[in-house]
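Let's take a walk through this model, one region at a time. Have the structure open and follow along.

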Amino acid sequence: MIITKEQFKKDFEKKMLKLYAQEVEDSTVHMQYFTLGYLMKEYISEGWAKTTNRYTKYGEKQVYYFSIEFLLGRLLASNLLNLGIRNTVSDALKDMGLSLKEIEDVEVDPGLGNGGLGRLAACFMDSMASSGIPGNGNGIRYKYGLFQQKIVDGYQVELPENWLRDDNVWEIRKSDKAVKVKFYGDAWMKPREDGSLEPIHTDYQEVLAVPYDTALVGYENKTVNTLRLWNAEVPNYTDDIQGELNFNKVLLNKREIESISEVLYPDDSHHEGRVLRLKQEYFFVSAGLQSIVAQHKDAGHPLSELHNYVAVHINDTHPAVAIPELMRILMDEEGMEWAEAWHITQNTMSYTNHTIMSEALEKWQIDLFKELLPRIYLIIGEIDRRFREILSSKFGEDQNQIEKMAIISGGYVRMAHLCIHGTHSVNGVAKLHTELLKSQELRDFYMLYPYKFNNKTNGITHRRWLMLANPELSDLLDETIGNSWRRNPQDLKLFKKYKRDPEIQKKVEQIKRNNKEKLAAYIKEKNGIIVDPNSIFDVHVKRLHAYKRQLLNALHILHQYHEILENPNFEMLPKTYIFAAKAAPGYYFAKEIIKFINALAEQINNDPRVEDRIKIVFLENYSVTLAEQIIPASEVSEQISTTTKEASGTSNMKFMMNGAVTLATLDGANVEILEEVGHPNIVIFGMTEKEVLNYYRNGGYNSREIYESDARVKRVLDSLTNGFIKGIQVEGQDIFKNLIDYNDEFFVLKDFDSYVAAQKKMEDLYRDRFTWNKMSIENISSSGVFSSDVTVMQYASGVWDTRIIER
Ligand code: RUG
């Protein structure tokens with residue numbers, strides 16, 4: 001959009017007056033944020049309405065991305081950027097004596113996600129809008145996000161993440177678009193006179209799903225897509241209650257109903273928690289599909305053509321109930337026959353798998369499922385019966401094979417199996433991951449449906465992760481290669497020709513230095529730790545999980561500490577190890593690793609013998625906004641998961657785009673990063689995929705042997721249990737047990753030696769400034785292929801069959 005400074009100032013002053021009855025000069029920064037936010041929403045609204053009308057008018061096929069998480073990050077800065085008015089607004093505010101940066105800092109990160117899965121969904125939303133793809137998000141409007149992490153005495157403490165405490169300027173409540181979702185009750189098939197069967201569902205509980213819409217603004221184009229998040233509310237009982245509900249009962253019901261959209265990933269270690277999770281999943285899926293079908297009918301399109309107008313993407317198995325729910329709507333509400341409904345459903349739905357970790361491939365106990373979703377269970381039963389017929393025709397009497405692949409088996413409903421059978425496309429999120437799905441985890445399904453399997457390597461939006469997070473580097477890119485990379489991120493490769501240019505190298509180094517200084521100031525303010533911007537910033541930020549091996553990193557630091565104590569003249573470049581990670585509340589071992597890292601930090605940071613050669617920082621409450629600050633200041637990107645375990649990773653892409661060098665196992669998208677940058681520009685270590693698979697298949701790994709034969713490993717592990725590291729009596733024992741008595745499931749000790757060597761190699765490379773800066777530039781200029789703009793275009797043409805609209 002085009003707006004002059006003067007016009008903006010007038011609008012801003014008027015809006016402030018309207019909202020707060022106050023002049024700008026008397027306003028607080030809080031008021032300024034809300035004024036600017038609401039004004040932006042006004043600016044966006046015209047384009048938003050036009051886009052929605054355009055989609056309806058031209059009957060364009062629309063994508064609906066169903067996801068349990070959307071980890072959006074702050075929206076003010078990205079909306080200003082995408083509207084193309086960030087500089088104008090910043091200048092205008094400056095004229096008024098205000099600071100855009102300070103105003104942007106008021107915004108609270110939406111608590112709508114946890115990690116890579118949700119962040120990917122957010123990147124896709126930005127990229128779809130920016131690429132002119134008609135793409136909408138569909139999810140839950142959680143009142144509280146995952147949790148707010150505090151570190152107290154080294155331990156993770158979880159507090160409610162009350163992100164909606166103040167107004168959320170970006171959303172619009174659409175009460176008139178509310179729908180009802182049914183839980184519990186009795187469902188059966190009643191014979192009609194003509195012999196056909198009528199589905200009956202009685203005595204159900206109704207929940208009102210009220211949508212809140214948020215605009216997804218495309219980058220300097222005319223597209224504004226919609227993220228629709230559903231809020232669970234008590235229906236207006238006056239029409240359908242026969243007076244038997246007393247006030248207390250209503251209140252009780254209210255609590256139960258509202259809890260559906262209360263928190264992300266409720267604790268599922270007990271029955272009630274598991275019921276709540278399934279409730280959440282069906283809630284947003286049913287509401288989303290009801291509204292999609294209603295819109296489709298309103299536009300006058302025939303239902304038999306739904307799949308030509310609508311693509312529903314199932315992001316991980318959480319929205320898998322979309323398959324039987326669409327069947328229910330088409331059959332029970334629209335009177336369609338099974339065969340036609342199934343054809344439409346399969347052709348509408350596509351599925352992305354994000355992990356080979358079996359614990360994340362959801363399955364539900366039959367009893368729980370049947371009680372909560374009786375009608376949906378009947379439909380899945382029929383899908384399973386028909387699927388078993390297909391399997392019988394392939395595998396004859398091989399009952400084992402049939403049970404292995406069935407959807408309902410062994411007392412469970414298996415959601416991944418449902419997804420593969422009920423969709424037309426199944427994709428993994430990096431080449432290695434997809435190959436592993438095809439050859440290992442989902443091999444039987446690949447044999448059955450080879451044509452459904454495809455790879456779509458993840459991506460990240462360069463607008464947030466480069467343009468917004470690293471404005472200085474963005475300016476340098478504009479100065480050197482022009483600004484075409486902003487619209488076409490693959491043009492970042494033009495920057496490669498500067499890799500040996502001493503002047504540009506110096507500028508890249510200076511930009512990194514400036515970002516490091518800013519992060520150092522943040523660390524000082526938050527953690528009270530003084531870190532040296534001349535030290536190497538070695539960064540490990542992601543969810544805390546044993547397979548991501550924050551433990552390997554911490555054990556290596558402990559090893560370095562021993563080296564220093566043993567040899568006070570031990571030579572090493574000063575290093576600042578930065579961690580940030582949330583552990584799932586019920587994941588005890590992950591929390592112990594957090595405590596271990598903090599205990600290590602406490603001891604090493606305060607040991608004068610270390611002479612500041614090592615500093616460890618654990619930044620609490622990792623979030624998108626924090627990542628935007630950490631990543632541009634990072635030099636070493638720790639991507640050290642056990643090979644085969646990380647489906648893709650996306651922070652690896654963000655780091656390289658900001659000039660960090662990756663220290664990696666050949667896992668997930670690290671493999672493709674290596675393909676892009678080449679061996680001289682990345683440091684690879686650790687077991688290969690074949691080795692890992694061999695060990696898992698044939699055994700033979702004995703972690704105790706390593707402990708007993710490698711003196712460094714022994715020294716490190718013993719110091720976990722002998723009181724050498726203070727304050728980890730319990731944690732130290734547990735970590736020791738995990739690595740030795742339980743044989744180190746994630747090969748931490750097996751990879752220890754090569755990790756130590758890789759760290760050493762990194763340090764040597766860093767010493768040579770020319771080489772390091774060259775590597776850094778190679779990484780930046782090779783990162784364009786990892787823009788999610790590229791990924792969503794691949795989905796659009798290969799999976800969703802959507803067109804790009806620029807009208
Ligand atoms: O762990 C994976 C990451 O490797 C991947 O990059 C990301 C996006 O595809 O998804 C993460 N993931 C997987 N998050 N949750 C799961 C399993 O439910």
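**A hairpin to begin with**

Val152 sits across from Tyr155, which belongs to β4. Keep in mind as you look that this is a predicted model. The pair is part of a longer match: β3 (residues 148-152) and β4 (residues 155-159) run antiparallel and are joined over five bridges. Two residues lie between the strands of this hairpin, and Asp153 takes a positive phi near 55° there.

Now zoom out to the whole chain. The domain assignment splits the protein chain into domain 1 (1-58 + 75-107), domain 2 (59-74 + 109-458 + 792-800) and domain 3 (462-692 + 753-786). Between the C-alpha centres of domain 1 and domain 3 there are 35 Å. The contact these two make takes four residues from domain 1 and four residues from domain 3. On the domain 1 side, the residues touching domain 3 are two nonpolar and two polar, with no charged ones.

Next, the ligand. Where does it lie relative to domain 2 and domain 3? Both domains give residues to the shell around the ligand, so it lies between them. That shell holds 16 residues, and the closest are Gly116, Leu117, His354, Ala647 and Ser648. Sorted by class, the shell has five nonpolar residues, nine polar and two charged.

Back to strands for a moment. There's an open sheet of three strands to find, ordered β13-β15-β14 and paired antiparallel. Its edges are β13 (363-365) and β14 (408-409), each of which pairs on one side only. Follow β13 across to β15 (residues 412-414) and you'll see an antiparallel pairing over three bridges. Within that pairing, Trp364 has Val413 of β15 as its bridge partner. If you're tracing side chains here, a general point helps: in a regular strand they alternate between the two faces of the sheet.

Last stop: Asp612, which you'll find in the loop between α23 (588-605) and β20 (614-618). Is Asp612 buried, exposed or partly exposed? Count the other C-beta atoms within 10 Å and you get 15. A buried residue would need 20 or more and an exposed one 12 or fewer, so Asp612 comes out as partly exposed. Leaving aside residues up to four places away in sequence, Asp612 touches Asp532 and Pro574. For a sense of distance, try Leu765 too: Asp612 and Leu765 are 153 residues apart along the chain, and their C-alpha atoms are separated by 21 Å.

Note on methods. Residues are numbered from 1 along each chain as its sequence is written. This is a predicted model: local features need pLDDT of at least 70, side-chain atom pairs count only at pLDDT 80 or more; totals for chains, interfaces and linings use all residues. A residue is near a molecule or strand if its C-beta atom, placed from the backbone, lies within 6 Å of it. Ala, Val, Leu, Ile, Met, Phe, Trp, Tyr, Cys and Pro count as nonpolar, Asp, Glu, Lys and Arg as charged, and the others, Gly among them, as polar. Domain bounds come from an automatic or database domain assignment. Two strands pair if DSSP finds at least two bridges between them. Helices (H or I, at least four residues) and strands (E, at least two) are DSSP runs, numbered from the N terminus. Two residues are in contact if their C-beta atoms, placed from the backbone, lie within 7 Å.
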